[in-house]
Amino acid sequence: MMMGMGRFLLCCSLVALTGAAGCSKPGDAEAPRAVRAQEAAVAPVAAADVKGLEGKLKFKDDADRERFSLKPKDDGAKLVDGEERELARYKWKGAALKVSGPDDVALGYVVGSAGGALTVRDGEQRQVLFTLARQGPGWRLNDMKGTLLYSVWPEDDGARIQDGAGADVARVKVREGKVSLRDAQGRTLLATKSLLAAEAAACLAFEALELPLRMALLFHLQAPPSQELAQP
């Protein structure tokens, strides 16, 4: 009698366990893993992971028209407009990046320092026009007199750019494989589908500089000179 009751209880337990297992869906255990993978896919990539230019860096406006592109070369890069007309040339001269016009006349130089700051100098390298230096987790751009022009602050999904008075002037958004520069109202000004560090893209908002010099800062931050090129 007791043995029969024991078999009955054992069978009930097995049925209950089998029913519970049947109610759970095979995909339930995978759901957290899928969510984590999705979050990782949309998270901005760290600047250290996107150094270098893998190919043509193309920028379009909000109407999907190509505005300009940066084309890498063995010794630097070339800036062209949407019609492939040359706007500027970039050539490494040791640790300095020479910026020239289409006529090869020097417009300026971007020179890196041991502390990581970048100085923008005139075409004869006699005068420092601007300095881009680290400020905590971000950057600050000063003019030749030391006046603060812009600050760049990292954010979870890009970067925020402020003027010298602390007012927002632009933001960089890194979302779904696209890096976009937006104005203070959130309107897209420029966008690229190339892998680009937010701090490099922020240089496009420095309207106190001409476009060839803005792109020189972007290029230097995104693709600093190799050890071979940096040798004097």
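Begin by selecting Phe59, a residue that is buried, with a relative accessible area of 2%. Bear in mind throughout the tour that the model on your screen is a predicted one.

Keep Phe59 displayed and add Phe68, because the two rings form an aromatic pair that is classed as tilted, since their planes stand 40° apart and only planes under 30 degrees apart count as stacked. The centres of the Phe59 and Phe68 rings are 5.4 Å from each other. Phe68 is also buried, at 6% relative accessibility.

From Phe68, move to Asp81, which touches Phe68 along with Arg67 and Leu87 when residues up to four places away in sequence are left out of the count. Asp81 belongs to strand 3, which covers residues 76–81. Should you expect Asp81 to be buried or exposed? Its relative accessible area is 11%, so Asp81 counts as buried, the cut-off for that class being under 20%.

Now show the backbone of Glu83 and Arg85, and follow the side chain of Asp81 towards each of them in turn. The Asp81 side chain reaches the backbone nitrogen of Glu83 at 2.9 Å, and it also reaches the backbone nitrogen of Arg85, at 2.8 Å.

Next, select Tyr150 and Phe206 together. Their rings form an aromatic pair that is stacked, with 5.1 Å from centre to centre and 25° between the planes. Which parts of the chain does this pair tie together? Tyr150 lies in strand 10 (residues 148–155), whereas Phe206 sits in the loop between helix 3 (198–201) and helix 4 (211–222), so the pair links parts that are 56 residues apart in sequence. Tyr150 counts as buried at 11% relative accessibility, and Phe206, at 1%, is buried as well.

For the last close-up, select Tyr90, Trp92 and Phe219, which form one aromatic cluster. Across the whole structure, a search finds 4 aromatic pairs.

Finally, zoom out until the entire protein chain is in view, and colour it by secondary structure to pick out its 5 helices and 14 strands. If you then colour by accessibility, buried residues make up 36% of the 232 residues in the chain. Switching to a surface display shows the roughly 13500 Å² that the chain exposes, of which carbon and sulfur atoms supply 54%. Among contacts between residues at least 6 apart in sequence, 32% join residues at least 24 apart.

Technical notes
Residues are numbered from 1 along each chain as its sequence is written. This is a predicted model: local features need pLDDT of at least 70, side-chain atom pairs count only at pLDDT 80 or more; totals for chains, interfaces and linings use all residues. Side-chain values use heavy atoms; hydrogens and water are left out. Helices (H or I, at least four residues) and strands (E, at least two) are DSSP runs, numbered from the N terminus. Buried means under 20% relative accessible area, exposed over 50%, partly exposed in between (1.4 Å probe, protein chains only). A polar contact is a pair of N or O atoms within 3.5 Å; within protein, one must be able to donate a hydrogen and the other to accept it, and residues adjacent in sequence count only if both atoms are side-chain atoms. Contact means heavy atoms within 4.5 Å. Accessible areas come from the Shrake-Rupley method with a 1.4 Å probe; for residues, only the protein chains shown count as cover. Rings of Phe, Tyr and Trp (its six-membered ring) pair if their centres lie within 6.5 Å; planes under 30 degrees apart count as stacked, over 60 as edge-to-face and the rest as tilted.
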